[in-house]
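User: Please take one part of this model and examine it closely, following how its elements are arranged and packed against one another. A single connected account would be preferred.

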Amino acid sequence: MLSPVKNVCPRRSLLFVPGLRPDRFAKALDAGADIVCVDLEDAVAQDRKAEARSLTFPLFANSTHPHVEQMLRINALSTAEGLKDLQAIIEADSPPAAIMVPKIRSAEEVQLLDHLLIGRAEIVRYCVIIETNQGLERASEIARASPRIDSMIIGAVDLSADLRCAKTWEALLYARSRIVHAGAGAGIDVLDVPYLSLHDEAGLRAEAMASAGLGFTGKASIHPNQLPAIHAAFSPDEKAIARARKIIAAFEKDKTGLFVVDGELIELPVVRSMYRVLAIVDRIARNR
């Protein structure tokens, strides 16, 4: 019999916090995002990276909100600052539970992290950013590179520059689809890039719905005000929940492996997705 989906963690939303603003971390944890990520990369000027590191690491030593995934976005592994970030994680008494790793180009880079982040840092999970042409080409290999990868996110700004295309949802449709394909194949969550127009709620809703329809499991954000629209797009509605319950009930009563619900022939991949829907609903309810 098909096993129910286990260890599903809702990753509908990710809220970024600048590494130089530790005062915003507690507020972000209270905002209702599924993931809060402190950013040491794009949000911090080059000459203030060390300052941001010193301000950020104490946050993870005194973290609260056990139902919010807490993450640190480090600098690229190909940079001196990225190596310093890794050294700080290795030496930390309380390393972050997860790191977001930018500009991943190969599975070997991820596997290097596995070799380096041992001891106290063995708890660290990964969210990898696909934002280079090479990374997009090898997205499926990267997604499967380590059991410590929980999620993958598209980096639209750098990726659009590398692909020589516009930074629009439509122009990056192929890239988005390829990343969704890679994530689904590896059984990990896939997050879309933040919507940067803070006062365009209609645009945010439309893009979030389009991303959810394509197969993304969540979307990043840069302001708490964006969270309700994102959650609405990536949370199953009552109709979807009822359908999932109906299909699972029929599956668990079925003895043949072939059954029909409301005139639709149901196959195992659909059953798996229905278990996932209810697992997410359960986690959301427990996280409230």
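Analyst: Helix α1 (residues 23–30) lies across strands β1 (13–18), β2 and β3, and runs at about 165° to β1. The model is a predicted one, and the part examined here is the sheet on which this helix rests. Its 8 strands close into a barrel in the order β1-β2-β3-β4-β5-β6-β7-β8, with parallel pairing. On average, neighbouring strands of the sheet are turned by 25° against each other, direction ignored.

Two of the strands beneath α1 are paired directly: β2 (residues 35–39) and β3 (residues 69–73) are joined in the parallel sense over 5 bridges. Within this pair, V38 stands opposite L72 of β3. L72 belongs to the largest nonpolar core, which has 61 residues; L72, I89, I99, L117 and M152 are those with the most contacts inside it. Helix α10 (residues 227–234) supplies the largest share of this core, 5 residues. A second, separate core of 12 residues includes I35, A98, I153 and L191. Returning to I99, its contacts beyond four places in sequence include L72, I89 and L117, together with M71, I74, V124, R125, Y126 and C127.

Helix α10 itself lies across β1 and β8 (218–221), running at about 170° to β8. β8 pairs with β7 in the parallel sense over 2 bridges, and K219 of β8 is the bridge partner of D192. On its other side, β7 runs parallel to β6 (residues 149–154), to which 3 bridges join it; here M152 stands opposite V190 of β7.

In a regular strand the side chains alternate between the two faces of the sheet. In β7 (residues 189–192) both faces are covered, since D189 and L191 on one side and V190 and D192 on the other are all buried.

Before β7 in the sequence comes helix α8 (residues 173–186), whose 14 residues reach 20 Å from the first C-alpha to the last, close to the 20 Å expected at 1.5 Å a residue. Its buried residues are A175, R176, I179, V180, A182 and G183. Viewed down the helix axis, these buried residues fall within an arc of 160°, so they line one face of α8. The face turned away from that buried side carries the exposed residues Y174, H181 and A184. α8 is followed by G187, which has a positive phi near 75°.

Definitions and conventions:
Residues numbered from 1 in each chain as written. Predicted model: local features only at pLDDT ≥ 70, side-chain atom pairs only at ≥ 80, totals over all residues. Heavy atoms only, no water. Core = buried A, V, L, I, M, F, W, Y, C linked by side-chain atoms within 4.5 Å. Buried < 20%, exposed > 50% of the residue type's maximum accessible area, 1.4 Å probe, protein only. Helix = DSSP H or I, 4+ residues; strand = E, 2+ residues; numbered from the N terminus. Contact = heavy atoms within 4.5 Å. Pairing = 2+ DSSP bridges. Axes fitted to C-alpha atoms, helices over the stretch in contact; angles between N-to-C directions. Expected span 1.5 Å × (residues − 1). Arc of directions from axis to C-beta.
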